[in-house]
Amino acid sequence: QVQLVESGGGLVQAGGSLRLSCAASGSIFSRYAMGWYRQAPGKQRELVAAITSGGNTNYAGSVKGRFTITRDYAKNVVHLQMDSLKPEDTAVYYCNARLLRVDWSTSDYWGQGTQVTVSS
């Protein structure tokens, strides 16, 4: 089982940048696909960006070209660099770790969330 702790959220003006970090512990970090999700008030949680155990990345269309997900295997950390932030990026951001087993079953683990607020 993996434990996740997010950091780096806060208040920023539109056009600004923030960098979120998610520190993982308790299991073999390299086995997990990692992702960042967000949930705005009254909306469903949505995938923002993901990175596989092999380093392949995927982004939601709304953040492509503005956000970058990376992972540091030595430090067991995944980052989300968010540039050119917009008010619609305001949400609670959650770190996710997904373990895919050989029988195709999966397990998901979540961090506690970090608030990102973008003012106009």
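The exercises below, each with a worked solution, concern a predicted model. Residues are numbered from 1 along each chain as its sequence is written. Local features need pLDDT of at least 70 and side-chain atom pairs count only at pLDDT 80 or more, whereas totals for chains, interfaces and linings use all residues, and side-chain values use heavy atoms, with hydrogens and water left out.

**Exercise 1. The salt-bridge network**

Determine which residues are linked with Arg 38 in a network of salt bridges, and work out where the partners lie.

Solution. A salt bridge is taken here as a side-chain nitrogen of Lys or Arg within 4 Å of a carboxyl oxygen of Asp or Glu, and the structure holds four of them. Start with Arg 38 and Glu 46, whose closest N and O atoms are 2.7 Å apart. Burial is judged by relative accessible area (buried under 20%, exposed over 50%, partly exposed in between, with a 1.4 Å probe and protein chains only); Arg 38 is buried because its value is 7%, while Glu 46, at 36%, counts as partly exposed.

Next, Arg 38 also forms a salt bridge with Asp 89, where the closest N and O atoms are 2.9 Å apart. This pair links distant parts of the chain, since Arg 38 is in strand S4 and Asp 89 is in the loop between S8 and S9, 51 residues apart. Strands are DSSP runs of E with at least two residues, numbered from the N terminus.

Then turn to Arg 66, which meets Asp 89 in a salt bridge of 2.8 Å, N to O. Arg 66 lies in the loop between strand S6 (57-59) and S7, and Asp 89 in the loop between S8 and S9, so this pair ties together parts that are 23 residues apart in sequence. Both Arg 66 and Asp 89 are buried. Taken together, Arg 38, Glu 46, Arg 66 and Asp 89 are linked in a network of salt bridges.

**Exercise 2. The open sheet**

Establish the order of the four strands in the open sheet, and identify which strands stand at the edges.

Solution. Two strands pair if DSSP finds at least two bridges between them. On this basis the order is S1-S3-S8-S7, with antiparallel pairing. Strand S1 (3-7) and S7 each have a single partner strand, so one side of each is left without a neighbour in the sheet. Six bridges join S3 to S8, and the bridge partner of Leu 20 in S8 is Leu 80.

**Exercise 3. The largest nonpolar core**

Find which strand gives the most to the largest nonpolar core.

Solution. A nonpolar core is a set of buried Ala, Val, Leu, Ile, Met, Phe, Trp, Tyr and Cys residues joined through side-chain atoms within 4.5 Å. Of the 32 residues in the largest one, Leu 4, Met 34, Trp 36, Leu 80, Met 82 and Tyr 93 touch the most other members. Among the strands that each supply at least two residues are S3 (18-25), S4 (32-39) and S9 (91-100); S9 gives the most, with five residues.

**Exercise 4. Two positive phi values**

Decide whether Asn 76 and Trp 104 are buried, partly exposed or exposed.

Solution. Asn 76, in the loop between S7 and S8, has phi near 55°, a positive value in a residue other than glycine, and at 24% relative accessibility Asn 76 counts as partly exposed. Trp 104, in the loop between S9 and S10, has phi near 75°, and at 71% relative accessibility Trp 104 counts as exposed.
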